[in-house]
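Trainee: Could you take me through how the features of a model like this should be read, beginning with its charges?

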Amino acid sequence: MNFTGERKNTPVVIVGGGPVGVLNALGLARQGISVTVLERNEDVVRAPRAVVYHWATLEGLDRLSVLKPAVDAGFLKKDYCFLNWRTGERVRYGLSLLEGTVEHPYNLHLRQDRLVDVVLKTIEREALPVDVRWGRNVIGLQNHEDRVMVTALCPDGSPEQYRAEWVIGADGAGSAVRTLLGMPFEGFTWPERFVATDVVYPFEEEGYDQTTFVVDEQYGAIIVKIDGSSDAGLWRYTYSDPAADSPDGVERRMDEFFSTLMPRADRRTLRAFSPYKMHQRCAPAFRMGRVLLAGDAAHATNPTGGLGLTSGLFDSYLLIDELAAVVHGRADAWVLDRYAHERRRVFNELVSPTASANKKLIFGSTQTAEGSEAWARVQRLGEDEEAARSRLMFPKSLETLVPVAR
């Protein structure tokens with residue numbers, strides 16, 4: 001495209017207005033760096049997505065001064081439960097085991113779109129130098145030695161172009177930035193679909209904990225309370241539909257899953273649902289010249305265990321400080337190679353294998369040799385405090401603590 005319109009200059013362009021995108025914008029703006037955020041949707045996406053923030057990620061939200069409003073918008077919880085659907089056995093353990101050891105011994109439950117709301121309100125309240133442009137579909141990326149030229153289409157179809165010192169691609173697993181860089185998304189896609197639903201149902205009255213993993217090859221599910229109300233409340237019920245080959249097929253079969261785990265139809269109200277394919281994929285590099293990838297644009301995992309958003313948050317906490325140091329001349333650009341290498345290593349060596357094992361456990365059979373061994377490890381969590389404590393500490397291992405040269 002031969003661009004003849006106005007070109008806008010900005011130190012950093014972030015493509016993607018989800019939680020990773022807006023948190024990077026907030027963190028950079030707090031350090032005096034002007035940011036333009038380009039989001040292809042015309043508002044915050046409200047479809048059912050991530051909802052749990054592991055305790056280890058809360059320190060970063062606190063540093064960015066958004067933990068308190070995020071907690072006010074959601075709620076905190078400590079307990080986990082695994083339910084073996086075939087036998088009825090329940091295994092319980094909780095984050096109270098970390099009290100006195102870590103600063104935030106609890107998880108935060110909050111829909112990710114609500115976190116985006118919190119961050120955007122913080123940016124607006126503090127009058128930070130962040131320009132969020134909705135309905136911008138990025139179609140061009142020219143990665144030069146000293147700048148990046150980004151071309152986006154406005155809602156009316158007219159083009160805009162931005163001259164940036166740096167670009168962060170935080171635009172999800174279908175990343176336009178990664179595609180425009182010519183990067184493959186290496187890995188595989190699981191054959192079945194996950195279906196995330198937001199549903200009102202009295203799960204607690206029926207003995208479910210606020211985070212319950214139902215282990216079963218047919219009716220395996222992740223059941224998480226979204227709000228802190230004492231009545232039926234809103235819950236995220238996520239299950240796997242191996243027979244569905246399209247979103248339409250998912251909707252036709254949904255009642256079978258609902259009737260099994262939520263049999264009281266008169267107390268059940270579906271608010272929203274989102275079927276999606278699950279991936280274990282990773283970009284071959286998280287930096288190419290002056291373009292960086294973060295969150296699902298860099299790596300995508302199935303959501304069992306909540307490690308996808310956790311990884312994206314830890315990407316952000318590191319990238320904010322590393323990129324700010326480079327922009328302000330406190331560090332050489334090689335620190336961004338360090339960011340790219342370390343975050344890719346963490347995903348490939350820790351996040352993806354663990355999320356895959358979690359999926360196989362929850363949505364697999366405990367009757368096989370592999371499934372029986374996995375269930376025995378779950379049972380140990382309810383009997384051995386050290387084993388439970390070790391599992392609860394795992395999210396902390398996903399954080400990259402690399403000092404920034406100043």
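**Charges, fold and backbone**

Mentor: In the protein chain there are 48 positive and 55 negative side chains, and the centres of the two sets lie 2 Å apart; Lys and Arg count as positive and Asp and Glu as negative, with His and the chain ends not counted, and each charge is placed at NZ of Lys, CZ of Arg, CG of Asp or CD of Glu. This is a predicted model, in which local features need pLDDT of at least 70 and side-chain atom pairs count only at pLDDT 80 or more, while totals for chains, interfaces and linings use all residues. Residues are numbered from 1 along each chain as its sequence is written, and side-chain values use heavy atoms, leaving out hydrogens and water.

Trainee: What share of the 406 residues in the protein chain is buried?

Mentor: Buried means under 20% relative accessible area, exposed over 50%, and partly exposed in between, with a 1.4 Å probe and protein chains only; here buried residues make up 56% of the 406.

Trainee: Which sign of phi should I expect, and where does serine 65 lie?

Mentor: Most residues other than glycine have a negative phi. Serine 65, although not a glycine, has a positive phi of about 65 degrees, and it is found in the loop between α2 (55-63) and α3 (67-73), helices being DSSP runs of H or I with at least four residues and strands runs of E with at least two, numbered from the N terminus. Serine 65 is partly exposed, at a relative accessible area of 41%.

Trainee: Is alanine 127 buried or exposed?

Mentor: Alanine 127 counts as exposed, at 65% relative accessibility; its phi is positive, about 50 degrees, and it lies in the loop between α4 (112-125) and β8 (130-134).
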